[in-house]
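Let's take a walk through a protein model, from a spot on its surface out to the whole chain. Have the sequence and the 3D view ready.

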Amino acid sequence: MAIFKDSAGKATQHVYGVISPDGKILSGEGFKCHKLRFGLYLIEFDQSFADVPATICTIYGNEWQTFNLSVAVVEVAPWHFVCTTSSPDRPEDCGFTFIAFGNI
C-alpha cells in the first residue's frame with residue numbers, strides 16, 4: 001500500500017497484491033483476502049477509499065495452467081472489491097494480481 005498526493009494535493013491510495021489460487025496473500029499490504037467459494041475472491045481494504053477506486057486484476061500463474069483463464073471484477077465499492085477467476089465455461093481457482101487506486 002502506498003499513499004501519494006496527486007497534482008491537486010489530494011491523498012491518493014494505491015493498494016496492490018498477489019493472491020494464490022487458495023486465497024492466500026503472496027505479496028502486498030493494506031488489505032485482506034477472503035476466498036468466498038470456488039473462483040470467487042473478496043479483497044477488503046484496510047483503509048476505505050473516498051469513493052469507488054479504479055481496480056485492475058490480471059491472472060497470475062504458469063502459462064500451461066493459466067493460458068485459457070480470465071479474471072473479472074464483478075463488484076467494487078470504497079471498502080472492497082470482488083473478482084472471479086474462470087475458464088471459458090466455469091469458475092476456476094487461479095492466482096491473480098491486482099491494484100486498486102483512488103482518493104482517500
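## A patch on the surface

To begin with a definition: a patch is made of residues that have over 30% relative accessible area and no salt bridge, and nonpolar side chains such as Val are joined into one when they lie within 5 Å. Keep in mind that this is a predicted model.

Now look for V52, V73 and V76, which together form a nonpolar patch on the surface. The accessible area of these three residues adds up to about 190 Å².

Let's zoom in on V76, which sits in strand β7, the stretch covering residues 70–77. Why does V76 count as partly exposed? Its relative accessible area is 32%, and partly exposed means between the 20% and 50% cut-offs.

## How the chain is built

Stepping back, the protein chain has 9 strands and 1 helix. If you read along the sequence, the pattern goes β-β-β-β-β-β-α-β-β-β.

Which residues meet in the fold? Among contacts with a separation of 6 or more, 55% come from residues 24 or more positions apart.

## Size and surface

The C-alpha trace spans about 45 × 20 × 20 Å along its principal axes. The radius of gyration of the protein chain is 14 Å, which agrees with the value near 13 Å for a compact globule with 104 residues.

What about inside and outside? Of the 104 residues, 40% count as buried. The protein chain exposes about 5,800 Å², and carbon and sulfur atoms supply 56% of that area.

Key:
Residues numbered from 1 in each chain as written. Predicted model: local features only at pLDDT ≥ 70, side-chain atom pairs only at ≥ 80, totals over all residues. Heavy atoms only, no water. Patch = residues over 30% accessible without salt bridge, like charges linked within 9 Å, V, L, I, M, F, W, Y side chains within 5 Å. Areas by Shrake-Rupley, 256 points an atom, 1.4 Å probe, with all protein chains shown as cover. Salt bridge = Lys/Arg side-chain N within 4 Å of Asp/Glu carboxyl O. Helix = DSSP H or I, 4+ residues; strand = E, 2+ residues; numbered from the N terminus. Buried < 20%, exposed > 50% of the residue type's maximum accessible area, 1.4 Å probe, protein only. Rg over C-alpha atoms; globule rule 2.2 N^0.38 Å. Contact = heavy atoms within 4.5 Å.
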